[in-house]
Amino acid sequence: MKILGIESSCDETSAAVVENGRKIISNVVFSQNSLHRPFRGVVPEIASRAHLERINMVLDAALKQASLKGFPKNRSKKRSVDAIAVTVGPGLAGSLLGGRMAAEALGWAWGKPVIGVNHLEAHLLSPLLETPSLRPPFLGLIVSGGHTDLVLVKDFGKFEVIGRTRDDAAGESFDKVAKLLGLNYPGGPEIDERAKRGNPQSIPFPRPHLHGSWDFSFSGLKTAVFYYLRDRKFMKGDSRQTNDVAASFQAAVVEVLVSKAFLAAKKLNVEKIVLGGGVAANSELRARFLSEGRKKNVKIFLPSPSLCTDNAAMVALAGYFKWKKQSFSREMKGADRRLTIDPSLPIRGW
Ligand code: KG4
Ligand code: ZN
């Protein structure tokens, strides 16, 4: 069973074909980083226009790489997908619309069902693309540009969000601190690289633990970096100071994420932690999770860095699980095969 996944929730336009929820046949990602770089953050209006400009090209490339008939001639049964999965939220409204319109149009033209996918659920399931044996229960930590959520995954489709950020998301704080340091957008990979050359113990930035809650808070840490730079009369381009601030800031974020996730795993008696979202590509975060996991006997599941950031393969995978779970076949026999299944998670305050 082949599913065409479409992702356009933020600033990556992506299409992928995934077979039986595990084999990635194609996964084309068109990043908009260069468009947003001058603004050091995602500009929603630019993002939504760029999705519209690129979506057909990206879809065509993903279908051709999968040796399937390209858009719109996908009539041949042998060379077509069985369903289309598309991110329906959370995300930027205009961006989401671009992907969703493409999915609905193709579903209509090809007579294939369209499956709505929750972007965060897709991030949580993404390690399954490389480790198909992974089974719930597990604790999921989604750390991206828009989210920092600690989620107890009781079963496929059964989630309980136990903690989330009260202000900035982890990725957002990386992007904002990078901006303060005069680094490029997206800030996460820049800080990751600079931190390798800095001393993580040089500046004792606060560790916002919010004891007694599984929630996170990163805006105070960002403000601490702001005041530190202001008081030291930091000059952009001072590479020694940039590296030390990057390393010390990153150490604070990583410490909070690691300690909270392992504490929650212990309290909730789960032996597996899954990471997802762009910040899960951070080299220090990955190393710390793996070393703590070995010490504490907790299995850690990390998608490859290219599957941590937004991509359509994870959307196709999440769509496959929905396909398997829903009483799909009965409805499929109806005249209207253009079926949009609601994501299992409510999008708002999921
Ligand atoms: O999951 P994602 O691609 O998009 C959202 O759903 O937000 O995450 C993007 C975020 C950005 O904030 C980016 O700076 C961050 O992930 N990021 C990183 C790294 N690579 C991407 N943060 C820290 N270290 C990295 N290596
Ligand atoms: Zn994401």
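Does Asn269 count as buried or exposed, and at what relative accessibility? Asn269 counts as exposed, at 67% relative accessibility. With that residue as a starting point, let us walk through the structure together, keeping in mind that this is a predicted model.

Asn269 sits in the loop between α8 (239–268) and β9 (272–276). Its backbone deserves a look as well: phi of Asn269 is near 60°, a positive value in a residue other than glycine. Ser67 is another non-glycine residue with a positive phi, in this case near 55°. You will find Ser67 in the loop between α2 and β4. These two are worth pointing out because most residues other than glycine have a negative phi.

While we are on the backbone, two peptide bonds are also worth a stop. The bond from Gly89 to Pro90 is cis, with omega near -10°. Pro90 belongs to the loop between β4 (83–89) and α3 (93–110). Tyr185 and Pro186 are likewise joined by a cis peptide bond, with omega about -5°, and Pro186 is found in the loop between α5 and α6. As background, most peptide bonds are trans.

Now let us turn to the metal. The zinc ion (ligand 2) has three protein donors: NE2 of His119, NE2 of His123 and an OD atom of Asp310, lying 2.0 to 2.1 Å from the ion. Along the chain, the donor residues follow the spacing H-x3-H-x186-D. Look at where two of them come from: His123 lies in helix α4 (residues 119–125), whereas Asp310 is in the loop between α10 (305–308) and α11 (312–325), so this pair ties together parts that are 187 residues apart in sequence. His123 and Asp310 are both buried.

Next come two helices that pack against each other. In general, such a pair is described by the angle between the axes and the distance between the axes. Here helix α5 (residues 170–180) and helix α7 (residues 219–231) pack at an angle of about 10°, with their axes 10 Å apart. The two helices, α5 and α7, are therefore roughly parallel to each other. On the α5 side, Lys176, Val177 and Leu180 take part, and they meet Lys222, Val225, Phe226 and Leu229 in α7. Sorted by class, this contact between α5 and α7 has five nonpolar residues, two charged ones and no polar ones.

Lys176 leads us on to the salt bridges, since its side chain meets that of Asp168 in one of them, at 3.4 Å from N to O. What is the surface exposure of Lys176 and of Asp168? Lys176 counts as partly exposed at 31% relative accessibility, and Asp168 counts as buried at 7%. Salt bridges with shared partners join Asp168, Glu172, Lys176 and Lys222 into one network. Both Lys176 and Lys222 also appear in the contact of α5 with α7.

Across the whole structure, a search finds 13 salt bridges. Among them is the one between Lys64 and Asp60, at 3.0 Å from N to O. Lys64 and Asp60 are four residues apart in helix α2 (residues 44–65), so about one helical turn separates them. Lys64 is exposed, with a relative accessible area of 55%, while Asp60 counts as partly exposed at 22% relative accessibility. Glu160 forms a salt bridge with Lys154, and the closest N and O atoms of this pair are 2.9 Å apart. Glu160 is partly exposed, with a relative accessible area of 34%, and Lys154 counts as partly exposed at 44% relative accessibility.

Our last stop is Phe216, in the loop between α6 (187–195) and α7. Which residues surround Phe216, leaving aside its neighbours within four places in sequence? Phe216 is in contact with Leu141, Thr148, Leu150, Arg164, Thr165, Arg166, Leu210, Val256, Leu257 and Lys260. Phe216 is buried, with a relative accessible area of 0%. Phe216 and Ala169 are 47 residues apart along the chain, and their C-alpha atoms are separated by 8.5 Å.

Methods. Residues numbered from 1 in each chain as written. Chains lettered and ligands numbered in written order. Predicted model: local features only at pLDDT ≥ 70, side-chain atom pairs only at ≥ 80, totals over all residues. Heavy atoms only, no water. Donors = N, O, S within 2.8 Å, 3.2 Å for Na, K, Ca; no water. Buried < 20%, exposed > 50% of the residue type's maximum accessible area, 1.4 Å probe, protein only. Axes fitted to C-alpha atoms, helices over the stretch in contact; angles between N-to-C directions. Parallel < 35°, antiparallel > 145°, perpendicular 65-115°, else oblique. Contact = heavy atoms within 4.5 Å. Nonpolar A, V, L, I, M, F, W, Y, C, P; charged D, E, K, R; others polar. Salt bridge = Lys/Arg side-chain N within 4 Å of Asp/Glu carboxyl O.
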